[in-house]
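Biologist: I am new to this structure and would like a close look at one part of it, namely the surroundings of the ligand. Could you take me through that part with care, and then go on to the neighbouring topics that help in reading the rest?

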Amino acid sequence: MESLDIVPIQFTDISPRYQQIAEYYEDLLVSGTIAPGEKLPAIRRLAAVLQVNSVTVVKAYDLLAHKQLVIKTRGSGVFAAGRKDADFDRSHFNSDELFRDDEIQLIHGTEIDIPAEAINLATATPSSDLFPVSHFRKALNEVLDRDGAEALGYDESSGYYPLRETVCTLLADSYGIAASAEHLQIISGAQQGIDIAAKALLSPKDWAVLEDPTYPGAAAVFASRGAGTLSVFLNREGIDLVQLEAAVKRHRPKLMYCMSDFQNPTAGSCSASCRTGLLDIARTYGMYIIEDDYVSDLRFSQSRTVPLLKALDRPEDPRVIYIKSFSKLIMPGLRIGFLLSPAPILRKMLQAKHMTDISSSGLLQRAFELYLRSGAWEEHLAYRRKLYESRFRVCLDALSSLESLGFRFTPPEGGVHFWLTLPEGLSARALFRKAAAGGVLCTPGNVFRTGNRDYDDHIRISTAAAGEEDIRRGIHLLAETAASMMHPGSDIHHRSPIL
Ligand SMILES: Cc1ncc(COP(=O)(O)O)c(C=O)c1O
């Protein structure tokens, strides 16, 4: 199919050029001037005519793809969308979730052609076939029958009260946390919880602490507040307490972000002594700690022996802002989680939530409350735990092929990630690019950097969205790719013992 004629765009200084390009094509797509199925100009050609970098065009097309106005197909171009293409979701690698802007450019700049059927060992998000759709349909229908229009108004900013009460019971029964509904806020996902805490507690020029490496979404929030970040390394016990105390003593940060169980990306958990030490430092220096509990429920090796940080928090001097979301355990589109605030900062946290989005969806909160109370949550969690444990064991087994090439890792006790140290001389970025082009995605370590350390000697592998066979095949492919990079020109093909 022939592509469209290109009309030069008169750029202004009001917004970035990629946005102006996207807006120009959005008008043509929405008005139907570009018909469904019609091919948009090739990236390089459009970039040449408009005299912009091809990354600018890629970003413009990404924006259109994000709005589902176009479909990007690897190798054959970008097409006007007219219907939801089943292949679209698979071929569109969710770079927004995993990569900061510079990383997006890293990938797009090199124009990796990722095959549509690539195995995704990069994402932490469960694949949509795991979502409990029928249970939710039932809960939604029940809510609408029961509450009618009342379910569709604004809800209390702190959240639908019956849901807050149900969550408090869940926290006491399953997480060892005593909480009252008054201190609990319903939030639209953990990302919003981190944002609310940062809005409530950080002003420009304040300091905040991040584990190094960490989840990039938290680093982005702190940066958006104009806060300076202190990166503290992790060790086998959790966070390096000596380094942490030195940094905290010097800069007096207001806030720290951590994941005490199955940290993202290292998959490690804090030891009991690290948890107590961390809380001691927070109390001594008046720092609040965000504990992001994104998958503590996925513990495989043994039952919990070390309590969550929040369960160790002292009611007379509470320091922990506990955040739990159900994105990784149920489905991310639910956009429901909760946050438990220490009493002294509760008012500020409530104001920050109100300022952010007034309230989380009342309809979804009501449906979620029914879902929790019906017992469907326990059932689903048991199913997910079994499924992920099985994938975890398959992954552990398959990883012996990478170990034999010199990759090292500490087997985690649960969660969905493995953090691998690469053999000397092998670059994670280079491995990522070559493996992606060859049909398997992993996450290069630099995505999680927060300080000076680059982590180009690490990759993260995730089992959230790949089935057992894909895990086996994906790791086999990774091992073959790594072997070919370590022994270029040699005929030695790495043979995985599992295939
Ligand atoms: C550790 C961690 N925290 C928070 C989030 C954001 O999740 P949510 O969908 O709950 O906002 C993610 C998403 O990948 C994550 O990995």
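Modeller: What follows begins with the ligand and then turns to salt bridges, strands and unusual backbone features.

Please keep in mind throughout that this is a predicted model. Which residues surround the ligand? There are 14 residues around the ligand, and the closest of them are Ala-190, Asp-292, Ser-325, Ser-327 and Arg-335. Sorted by class, this shell is made up of five nonpolar, five polar and four charged residues. Three of the contacts with oxygen atoms of the ligand can be described one by one, starting with Ala-190, where a polar backbone atom is 2.8 Å from an oxygen atom of the ligand. With Ser-325 it is a polar side-chain atom that lies 2.6 Å from a ligand oxygen, and with Arg-335 a polar side-chain atom again lies 2.7 Å from an oxygen atom of the ligand. On its own the ligand has 400 Å² of accessible area, and the protein covers 93% of that area.

From the ligand we can pass to contacts between charged side chains. Side chains of opposite charge can pair when their charged atoms come close. A search of the whole structure finds 26 salt bridges, and a few of them are worth following in turn. One joins Asp-147 to Arg-146, with 2.8 Å between the closest N and O atoms. Asp-147 is buried because its relative accessible area is 18%, which is under the 20% cut-off, whereas Arg-146, at 40% relative accessibility, counts as partly exposed. These two residues also belong to a network of salt bridges that links Arg-146, Asp-147, Asp-155 and Arg-366.

A further salt bridge brings together the side chains of Asp-280 and Arg-283, at 3.2 Å from N to O. Both residues are in helix H12, which covers residues 272–285, and because they are three residues apart in that helix, about one helical turn separates them. Here Asp-280 is partly exposed, with a relative accessible area of 39%, while Arg-283 counts as buried at 17% relative accessibility. Asp-313 and Lys-310 provide another example, their side chains meeting in a salt bridge of 3.0 Å, N to O. In this pair Asp-313 counts as buried at 10% relative accessibility, and Lys-310 likewise counts as buried, at 12%.

The strands come next, and strand S5, residues 207–212, is a useful place to begin, since five of its six residues are buried and the strand is thus mostly covered. Strand S5 runs parallel to strand S6, residues 228–235, and six bridges join the two. Within this pairing, Val-209 stands opposite Leu-230 in S6. Elsewhere, an open sheet of three strands has the order S12-S15-S14, and its pairing is antiparallel. Its edge strands are S12 (417–421) and S14 (443–444), each of which pairs on one side only. Strand S14 is joined by two bridges to strand S15, residues 458–462, and these two run antiparallel. Thr-443 stands opposite Arg-460 in S15.

Last come the places where the backbone departs from the general pattern. Most residues other than glycine have a negative phi, and most peptide bonds are trans. Where, then, are the cis peptide bonds described here? One is the bond from Asp-212 to Pro-213, with omega near 5°, and Pro-213 is found in the loop between S5 and helix H10 (216–224). Another is the bond from Asn-264 to Pro-265, with omega near 20°, and Pro-265 has its place in the loop between strand S8 (255–258) and H12.

That loop between S8 and H12 also holds Ala-267, which has a positive phi of about 70° although it is not a glycine. Ala-267 is buried, with a relative accessible area of 4%. Gln-68 is likewise not a glycine and has a positive phi of about 60°, and it is found in the loop between helix H3 (54–66) and strand S1 (70–73). Gln-68, however, is partly exposed, with a relative accessible area of 45%.

Note on methods: Residues are numbered from 1 along each chain as its sequence is written. This is a predicted model: local features need pLDDT of at least 70, side-chain atom pairs count only at pLDDT 80 or more; totals for chains, interfaces and linings use all residues. Side-chain values use heavy atoms; hydrogens and water are left out. A residue is near a molecule or strand if one of its heavy atoms lies within 4 Å of it. A polar contact is a pair of N or O atoms within 3.5 Å; within protein, one must be able to donate a hydrogen and the other to accept it, and residues adjacent in sequence count only if both atoms are side-chain atoms. Accessible areas come from the Shrake-Rupley method with a 1.4 Å probe; for residues, only the protein chains shown count as cover. Ala, Val, Leu, Ile, Met, Phe, Trp, Tyr, Cys and Pro count as nonpolar, Asp, Glu, Lys and Arg as charged, and the others, Gly among them, as polar. A salt bridge is a side-chain nitrogen of Lys or Arg within 4 Å of a carboxyl oxygen of Asp or Glu. Buried means under 20% relative accessible area, exposed over 50%, partly exposed in between (1.4 Å probe, protein chains only). Helices (H or I, at least four residues) and strands (E, at least two) are DSSP runs, numbered from the N terminus. Two strands pair if DSSP finds at least two bridges between them.
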